[in-house]
Amino acid sequence: ILLPLITPPITTPIQYKPTIGPRKSVSIARGMKTTSSTNASSSSSSSSSSAVADDEKESKLETKTDGDEYGDANRRTITPPKRLKEDARWRKWIGMPSRNCLESMPIICAHCNQKLTARDVPYGVDVSRYSSRRRSTNVEDENDQEEEESEWESMLRRKFVQLSRDAETDAFLLRSSRRPRLVNARLAQACTRLREKEGKSLTEANAILGRGKMFVLSREQARVLVGRSLMHRHRGGDEGGEGDDDDDNAVLDAGAYLDIGSGEGEVASKLGEYFGTVVATETSPAMVKRCAESHKDWTVLETGTIEDVWEKFKMQNAREEEEGTSTKSEAAKKKVRELLDKEERTETTERQHQGRGGGGGGKFDCIGMFNVLDRCDRPFTMLSHVRNLLKPKTGLFVLAVVLPFRPFVELDDGTRRQPSEKLDVATPTAAWEYGCRDLYENVLKPSGFEIEKISRAPYVSEGDHLAGAYVLDDVVFVLRRSADV
């Protein structure tokens, strides 16, 4: 009688999917069922014995190498773990995840609702997609298309920076799992109540409740992707070059960073720590309050426009000084005064030499815009303002955009509508590589930007009682102003 209770069930090995893509054949433990690939031609009536045999042959799987430059060249074999199961229910209820729970924790793709694990989170790029599309395309100007694609492929190979999951990313993925499940459920119910009964937008409701925090880059990833180039360019190095190792942890005490749509400021803080002065903009009043409370040395502006952000920055600091309501430290106040004095002298010099200050000189050393372009009403106009605010020679623009590209504008009452300006980007069913190419060729390049670096990173949202985390696929551009628009 006790034998079935103490004897573990006989299971077959599970074939793990290394990256997000077409669903391959997967043998389910505790049974012989097989889920066929969406593009496979094999018959669905294959016997259970052949499924077990296939699993034994595939005990070692091919997956992308973390250190591979492009994510599609070199491959290595790994042996999947013997068992992969979620934490016990009692651990979820009290918010005490086990040491190894991350690899089995359910992560939901917010685009297609597919259930993933941490190992499925994408960081690489498949350059071969472009050549395969050329072979399958039959057009009259095929030669021109091949030349255009080859130029883009060449640039992508040179500019792509391979990132990988690190300890800070893992810690964020586990953040909601460290709260009791009942707390997560109550927060989700409260968010729904605020949206349905009080007409709050999702952003505003999350800010009121302090839930739904976002993550794009860790500090180490920001240093590799942005920090080195930033320090090198401000020290007079060649464009596109890298700084020395001694420069990696340096801070531009006299520089200014602008973050557009900063939310609570968690994502912005990874780049803001390189600068003495940080200006953050946000449209949600609750988010503005949380950001200002979390980052007392920042200037946080409640605004949906950026063309006059420098004037608003000056006015708010002058008003805080006059009223004595500033929360900044004395060191932060001194840096703001020095920055304003320096820019005033620069403006005076430009007016003397060029008349009316028409040199197109920007104010900010770096501008960040993380997952805002697909949520603004006039994206082309926004990019034009960003270019005008960015310093011409040394400024960097860090832009993160969710792919596939599915834009909408969220109104104050929570309703959504399409943007006024449409962007010519690949359809929502296209691969990441096509959307990435279209964003640059059809949007960023005509707007007057050149690629310094490009990378791929997950856009992670804090989980709830249903999933450990929610994830989308981001392309991260590090851009500079081009000489001509």
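Begin with the whole protein chain of this predicted model: of its contacts with a separation of 6 or more, 64% link residues 24 or more positions apart. With the chain coloured by secondary structure, 15 helices and 17 strands can be followed. A surface display shows about 25500 Å² of exposed area, of which carbon and sulfur atoms supply 48%. Of the 485 residues in the protein chain, 48% are buried.

Next, select residues 181-197, which form helix α7, together with residues 202-209, which form helix α8. The axes of the two helices come within 9 Å and cross at roughly 135 degrees. This angle is neither over 145 degrees nor within 65 to 115 degrees, and α7 is therefore oblique to α8. The crossing of α7 past α8 is right-handed.

Now display the side chains where the helices meet. On the α7 side, select Leu187, Ala190, Cys191, Leu194 and Arg195; on the α8 side, select Leu202, Ala205, Asn206, Ile208 and Leu209. Sorted by class, this contact between α7 and α8 comprises 8 nonpolar residues, 1 polar residue and 1 charged residue.

Finally, move to the loop between α7 and α8 and select Ser201. Is Ser201 buried or exposed? Its relative accessibility is 8%, so Ser201 counts as buried, the cut-off for that class being under 20%. To see the surroundings of Ser201, add Arg195, Glu410, Leu411, Asp412 and Gly414 to the selection: these are its contacts once neighbours within four places in sequence are left aside. One of them, Arg195, is already on display, as a residue of α7 that takes part in the meeting with α8.

Terms used:
Residues are numbered from 1 along each chain as its sequence is written. This is a predicted model: local features need pLDDT of at least 70, side-chain atom pairs count only at pLDDT 80 or more; totals for chains, interfaces and linings use all residues. Side-chain values use heavy atoms; hydrogens and water are left out. Axes are lines fitted to C-alpha atoms, for helices over the stretch in contact, and angles run from 0 to 180 degrees between N-to-C directions. Helices (H or I, at least four residues) and strands (E, at least two) are DSSP runs, numbered from the N terminus. Angles under 35 degrees count as roughly parallel, over 145 as roughly antiparallel, 65 to 115 as roughly perpendicular and the rest as oblique. A crossing is left-handed if the near helix is turned anticlockwise from the far one by less than a right angle, and right-handed if clockwise. Contact means heavy atoms within 4.5 Å. Ala, Val, Leu, Ile, Met, Phe, Trp, Tyr, Cys and Pro count as nonpolar, Asp, Glu, Lys and Arg as charged, and the others, Gly among them, as polar. Buried means under 20% relative accessible area, exposed over 50%, partly exposed in between (1.4 Å probe, protein chains only). Accessible areas come from the Shrake-Rupley method with a 1.4 Å probe; for residues, only the protein chains shown count as cover.
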